Amino acid sequence: MATGRGRLLRQLCLGLQALHLPLGGLVAAPGSGGFRKGPGDNFAAGCTTLKQSARHERSRERSSAHCSVSLDGLPSEILLKILSYLDAMTLLCTGCVNRRFYHLANDNFIWIRIYSTAFSPKRSNWKVNSVEKTAEPVNVLSVEDKEAGYWKKEYVTKQIASVKAALAQVLKPVDPYTGLPVKTKEALRISGLGWVIILKEKGGKEYIMEHVDLSINDSSVTIVWYGKNWPRLATLSTLDLCGVTPVFMDRSKTPTKNGPRWHSLIAKYSLRDLPGSTVMGCDGIIRLFRLNPGLLVGLWKREEELAFVMATLHFHHLVERSTLGSATVPSELPAHTPLLDDSPEHGLHGFQLHVDMHSGGTSYLCSTFHNLFTKKGCIENGYVKLIVIRFKNNTEHLPLIGKVGFTWRTDIFDGYIKSCSIMDITLLDEYGKPFWCFSSPVSMSSSPSPSDGPNFLGQTYRVDYMDSTGQVHMELVWIEETEEYFIVSLVLYLSTAKINHWFGTQY
């Protein structure tokens, strides 16, 4: 109301001023001290002028709306001047607006200033760094000789290298008891490291999905993706699991997902034959499928479409695998130097195993076994047998705490699938170095009672896992009276090829 009255009074003022009349449509009587009404014809003319003024005002408002100035309409010289005041992160984001801004944001003169400010040696009044002595000044000609975007690439490359170097420093201290970096959780926090899955259709179209839930366990991290807008499973061919890391790491600020990030491929999975794969478990709504390494896919039973995806990643080389690769090629771990075995004739000795079984934040088992050994003659079908828990030794048998099962959740439903969980294995050699580490979904299946062991009063189950390094075989018994599982046997089968490569032996 106030705005409308103001505009009306403004139009009235303009109309009366056009008639050279005082405000209010009143004129002063010459030579008199009072006032009188103006002539009728002047009043009518004032009304006509008011209408014309109102039409002119509306026309001017419409034309100003159509003639609004946009940044894209400014000359390139002015835009470059504006862009020169932006920081690196904002400049990179500006380059994503359109093609013109992409080329403008590649300007070498802008980026050489940002590069020099960020990475030039710090001057000191007391001494000059040797790097500064040999550094060649960057002149105008050297900037012009480079192709557009050269110094932007140089800056981003060096910025990424500085982030990787900072993470390497954080991960240097190693826990002598676990053989894993002490500060893995801190590295994940300060780096802003996250994970995405890239679903690729057969026609080449890609869908990038950010993780919805993340939980950090004792020796692994669990990442979950779910939502309402999954593409149809029949159209998908592969799934890429990638780590994503912000280019700019600021320990004093919470990392953001909106800035520039780089991708590091961790694993690639085929989805073509997923419905025909082995089912790991199911309930009334969901069927679970396991894809190695460490990926769990949940499908709606009725539609055979994606409900959720879950990845489990072991802490061993987690940050390296999630940051050191490219978007298409996984990172290559450093070449292993064989640790010479001082007594190969005695077989393996001094090994240490840590086992975690958990799901949904609930831990069912967390145990460490020391001084594991095996004789050189215990080789069968290319595997060395390493016994952790023996059938005939009741003192070694261990219970699983709580009701074992896998809890799942989407934005619509949640549920629980019996006899499924996540298993984390960390096997250290006699020098305390990680020999075999993995995190994977596992499930229990019925198993006949062993003929060479004691007779157990309960149903027997088994858990099996296998990869290129070895196999895990676990036997469990369900005790009805106490309603809990007991591990009565745990055996690792280690590949002789891995042992020979690790120790330089010839088993």
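Me: Hi! Let's start with Ile82. Is that residue buried, exposed or partly exposed?
Reply: Happy to help! In this predicted model, Ile82 is partly exposed, because its relative accessible area is 36%, and partly exposed covers the range between under 20% for buried and over 50% for exposed.

Me: And where in the fold does Ile82 lie?
Reply: Ile82 belongs to helix 3, which covers residues 76-83.

Me: Which residues make the nonpolar surface patch?
Reply: The patch is made by Leu71, Ile78 and Ile82, and its area is about 250 Å².

Me: OK, new topic: charges. Why would two side chains pair up at all?
Reply: Side chains can pair when they carry opposite charge and their charged atoms come close.

Me: How many salt bridges does the count come to?
Reply: The count comes to eight salt bridges.

Me: Cool, can you walk me through one? What does Glu210 meet in a salt bridge?
Reply: Its partner is Arg261, and the N to O distance between the two side chains is 2.5 Å. This pair links distant parts of the chain: Glu210 sits in strand 4 (residues 206-210) and Arg261 in strand 8 (residues 261-270), which puts them 51 residues apart.

Me: Are Glu210 and Arg261 buried or partly exposed?
Reply: Glu210 counts as partly exposed, because its relative accessibility is 30%. Arg261 is partly exposed too, with a relative accessible area of 25%.

Me: What about Asp240, which side chain does it meet in a salt bridge?
Reply: That would be Lys268, with 2.9 Å from N to O. Asp240 is part of strand 7 (residues 236-246) and Lys268 is part of strand 8, so their salt bridge ties together parts that are 28 residues apart in sequence.

Me: And how do they sit, buried or partly exposed?
Reply: One of each! Asp240 has a relative accessible area of 2%, so it is buried. Lys268 has 47% relative accessibility, so it counts as partly exposed.

Me: Got another pair for me? Say, what does Arg390 meet?
Reply: Sure, the side chain of Arg390 meets Glu396 in a salt bridge, at 3.4 Å from N to O. Arg390 is partly exposed because its relative accessibility is 36%, and Glu396 is partly exposed with a relative accessible area of 23%.

Me: Last one: which residues do salt bridges with shared partners join into one network?
Reply: Lys200, Glu206, Asp240 and Lys268 are joined into one network that way. You have already met two of its members, since Asp240 and Lys268 form the 2.9 Å salt bridge we talked about.

Terms used: Residues are numbered from 1 along each chain as its sequence is written. This is a predicted model: local features need pLDDT of at least 70, side-chain atom pairs count only at pLDDT 80 or more; totals for chains, interfaces and linings use all residues. Side-chain values use heavy atoms; hydrogens and water are left out. Patches are made of residues with over 30% relative accessible area and no salt bridge: like charges are joined within 9 Å, nonpolar side chains (Val, Leu, Ile, Met, Phe, Trp, Tyr) within 5 Å. Accessible areas come from the Shrake-Rupley method with a 1.4 Å probe; for residues, only the protein chains shown count as cover. A salt bridge is a side-chain nitrogen of Lys or Arg within 4 Å of a carboxyl oxygen of Asp or Glu. Helices (H or I, at least four residues) and strands (E, at least two) are DSSP runs, numbered from the N terminus. Buried means under 20% relative accessible area, exposed over 50%, partly exposed in between (1.4 Å probe, protein chains only).
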